[in-house]
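Here is a short set of questions and answers about one protein model. Please look through the structure before reading on.

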Amino acid sequence: TAKLAESIIKTVKQVSYNPVNKRIIEQLVGSGGSIGANYCEANESESKKDFIHKIGICKKEIKETKHWLRLLAASNPEIKTEIKPLWQETHELLLIFSKIKTNALENLKIKS
């Protein structure tokens, strides 16, 4: 997640800072960096329910990051090739975090 955030930062440094890109960049860097921060919080959760909740927040941030990557590509078609692997990475993270949440929910039911 940290490497994804670093790659996002590196990529957005390539685009011009105009009113449209300004908003997209700020949102993208925020949501992209928030994935890892929320994952750190999930790993330090105080209960299984807290863990599940924080993993859910990670998933929301991943989905938001995918959205902003799409908009960045639409407004800056010249860097679509750099954005595509970032979008793919966020998609793979979404699948991973979805599985983590599903497994955690199943484990919670078994222990209850």
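Buried means under 20% relative accessible area, exposed over 50%, and partly exposed in between (1.4 Å probe, protein chains only). This is a predicted model in which local features need pLDDT of at least 70 and side-chain atom pairs count only at pLDDT 80 or more, while totals for chains, interfaces and linings use all residues. Residues are numbered from 1 along each chain as its sequence is written, and side-chain values use heavy atoms, with hydrogens and water left out.

Q: Is E82 buried, exposed or partly exposed?
A: E82 lies in helix 4, where helices are DSSP runs of H or I with at least four residues, and strands are runs of E with at least two, numbered from the N terminus. Contact means heavy atoms within 4.5 Å; not counting residues up to four places away in sequence, E82 touches T11 and Q14. Its relative accessibility is 32%, so E82 counts as partly exposed.

Q: What pattern does the protein follow along the sequence?
A: The protein has four helices and zero strands. Read along the sequence, the pattern is therefore written with helices alone: α-α-α-α.

Q: Which helix gives the largest share of the largest nonpolar core?
A: A nonpolar core is a set of buried Ala, Val, Leu, Ile, Met, Phe, Trp, Tyr and Cys residues joined through side-chain atoms within 4.5 Å. The largest one here has 25 residues. Helix 1 (2–12), helix 2 (19–43), helix 3 (48–75) and helix 4 (80–111) each give two or more residues to this core. The largest share, nine residues, comes from helix 3.

Q: Which residues have the most contacts inside this core?
A: In soluble globular proteins, nonpolar side chains tend to be buried together. L72 touches V12, V15, N21, I24, L28, I79 and I83, not counting residues up to four places away in sequence. Inside the core, the residues with the most contacts are L28 and L72.

Q: Which backbone oxygen does the side chain of S31 reach?
A: S31 is found in helix 2 and is buried, with a relative accessible area of 2%. Not counting residues up to four places away in sequence, S31 touches E61, E64, T65 and W68. At 3.4 Å, its side chain reaches the backbone oxygen of L28.

Q: What percentage of the residues in the protein is buried?
A: The C-alpha trace spans about 55 × 20 × 20 Å along its principal axes. The protein has 112 residues, and the buried ones make up 38%.

Conventions. A polar contact is a pair of N or O atoms within 3.5 Å; within protein, one must be able to donate a hydrogen and the other to accept it, and residues adjacent in sequence count only if both atoms are side-chain atoms.
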